[in-house]
Amino acid sequence: MVIKITANSIENSWFELQQIDKWVYAIRERLDLIEPRFLTKFANSYLIVGKSKAALIDTGIGIHSMKKVVEPLVKNKTILVFNTHHHFDHIGNNYEWSKVYVHRFDLKRVALPEKLDFLETAKGPYAHELLKKGGKTVPADEHYPLIGGELFELGEIDLRIIHTPGHTPGSICVLTSRGHLIAGDTIHNGIVYLPPKEFLPSYAKSLNDLLTNFIQEQDLIVLGGHESTIITNQEVERLNQIIQELQKRIPEEKHEYDTFLNAYVLNQPPFKFVLPK
Ligand SMILES: [Zn+2]
Ligand SMILES: [Zn+2]
């Protein structure tokens, strides 16, 4: 059962904290309050607390201190910080930590400040607050490149990095020894931002491999990077089925053009897909 933790500070009223189980917390933020036209309500980061160390998987949007939310939960344990991929809503608080692990294919985009152009005309009530912070991503001091296959021991729970290219070239998922798959934007529900057409086959392969080698084999709790935290196996199977079809053929019908996203949106319930032009 997921437990919601009540807010008791500015940070905690911006972040919605959910305890998934003994080891894992979801730290959620409202992306629609920054820019509703992204069509996404929640951005989810995850904290895994082991006996001797903790791991933060993604650092959120960067509007309020995530460190202030994380530190009371991990006490004095060392925190290892990971990014599932380079997108701004997953790396926003990197600057609060000195070292970040990221796949080598996404490392450059994480290590250099990136201007958030959309912020100047963003329609969300909190966009100006993020703009006040400089309107750019702020990197950590150091970045450690991952290649996939690495193991990290946290005490009572271990992590394994799985390289799942597709959503971005350096997207990773994090598998725990206690049966969680933290999937970043490789698997989530709601609106799914697809890569350019030529990368759809690698996304399709990553999804199919995750499903057959891990999710169906081990009955994992799949935790998504947006919207609901826990994704059911049926949802993962449906997503995989749609992506397998899309990599072969993108249907001409059922498209609507979204001027803000500058992309076509394909409605395939319960998902919607953003297809870059
Ligand atoms: Zn993303
Ligand atoms: Zn995302």
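The following exercises, each with a worked solution, concern a predicted model of a protein with bound zinc ions.

**Exercise 1. Determine which residues donate to the zinc ion (ligand 1), and classify the geometry of its site.**

Step 1. The protein donors are His85 through NE2, His87 through ND1, His167 through NE2 and Asp185 through OD. These atoms lie 2.1 to 2.2 Å from the ion.

Step 2. Along the sequence, the donor residues follow the spacing H-x1-H-x79-H-x17-D.

Step 3. The angles among the 4 donor atoms run from 92 to 166 degrees. A tetrahedral site would require all angles to lie between 85 and 135 degrees. The site of the zinc ion (ligand 1) is classed as irregular.

Step 4. Two of the donors, His87 and Asp185, are 98 residues apart and link distant parts of the chain. His87 belongs to the loop between β6 (78-82) and α3 (88-91), and Asp185 to the loop between β12 (180-182) and β13 (191-193).

Step 5. Buried means under 20% relative accessible area. Asp185, at 5%, therefore counts as buried, whereas His87, with 26%, is partly exposed.

**Exercise 2. Identify the donors of the zinc ion (ligand 2), and state which residue bridges the two ions.**

Step 1. His90 (NE2), Asp185 (OD) and His226 (NE2) coordinate the zinc ion (ligand 2) at 2.0 Å.

Step 2. The sequence spacing of these donor residues is H-x94-D-x40-H.

Step 3. Asp185 is the bridging residue between the zinc ion (ligand 2) and the zinc ion (ligand 1), and the two ions lie 3.3 Å apart.

Step 4. Asp185 and His226, 41 residues apart, again connect distant parts of the chain. His226 is found in the loop between β14 (221-223) and β15. Both Asp185 and His226 are buried.

**Exercise 3. Describe the surroundings of Asn83, and decide whether Asn83 is buried or exposed.**

Step 1. Asn83 is located in the loop between β6 and α3.

Step 2. Its relative accessibility is 0%, so Asn83 counts as buried.

Step 3. The side chain of Asn83 reaches the backbone oxygen of His90 at 3.3 Å. His90 is also a donor to the zinc ion (ligand 2).

Step 4. Beyond its neighbours within four places in sequence, Asn83 is in contact with several residues, among them Asp58, Asn94, Tyr101 and Ile172.

**Exercise 4. Establish which strands stand at the edges of the open sheet of 6 strands.**

Step 1. The strand order is β9-β10-β11-β12-β14-β15, with mixed pairing.

Step 2. β9 (151-153) and β15 (230-231) each have a single partner strand, so one side of each lacks a neighbour in the sheet; these are the edge strands.

Step 3. β9 runs antiparallel to β10 (residues 158-163), to which 3 bridges join it. Within this pairing, Phe152 has Leu159 as its bridge partner.

**Exercise 5. Check the length of helix α7 against its expected span, and locate its packing partners.**

Step 1. Helix α7 covers residues 233-248, which is 16 residues. At 1.5 Å a residue the helix should span 22 Å, and its end C-alpha atoms are 23 Å apart, so the two values agree.

Step 2. The buried residues of α7 are Val236, Leu239, Asn240, Ile242, Ile243, Gln244 and Leu246. An α-helix has 3.6 residues a turn, so residues three or four places apart point the same way.

Step 3. The buried residues of α7 pack against β13, α6 (200-218), β14, β15, β17 (263-268) and β18 (271-276).

Step 4. Glu235 also lies in α7. Leaving aside neighbours within four places in sequence, Glu235 is in contact with Asn189, Ile230 and Phe271.

Definitions and conventions:
Residues numbered from 1 in each chain as written. Chains lettered and ligands numbered in written order. Predicted model: local features only at pLDDT ≥ 70, side-chain atom pairs only at ≥ 80, totals over all residues. Heavy atoms only, no water. Donors = N, O, S within 2.8 Å, 3.2 Å for Na, K, Ca; no water. Tetrahedral: all angles 85-135°; square planar, octahedral: opposite > 155°, others 65-115°. Helix = DSSP H or I, 4+ residues; strand = E, 2+ residues; numbered from the N terminus. Buried < 20%, exposed > 50% of the residue type's maximum accessible area, 1.4 Å probe, protein only. Polar contact = N/O pair within 3.5 Å; in protein donor to acceptor, adjacent residues only side chain to side chain. Contact = heavy atoms within 4.5 Å. Pairing = 2+ DSSP bridges. Expected span 1.5 Å × (residues − 1).
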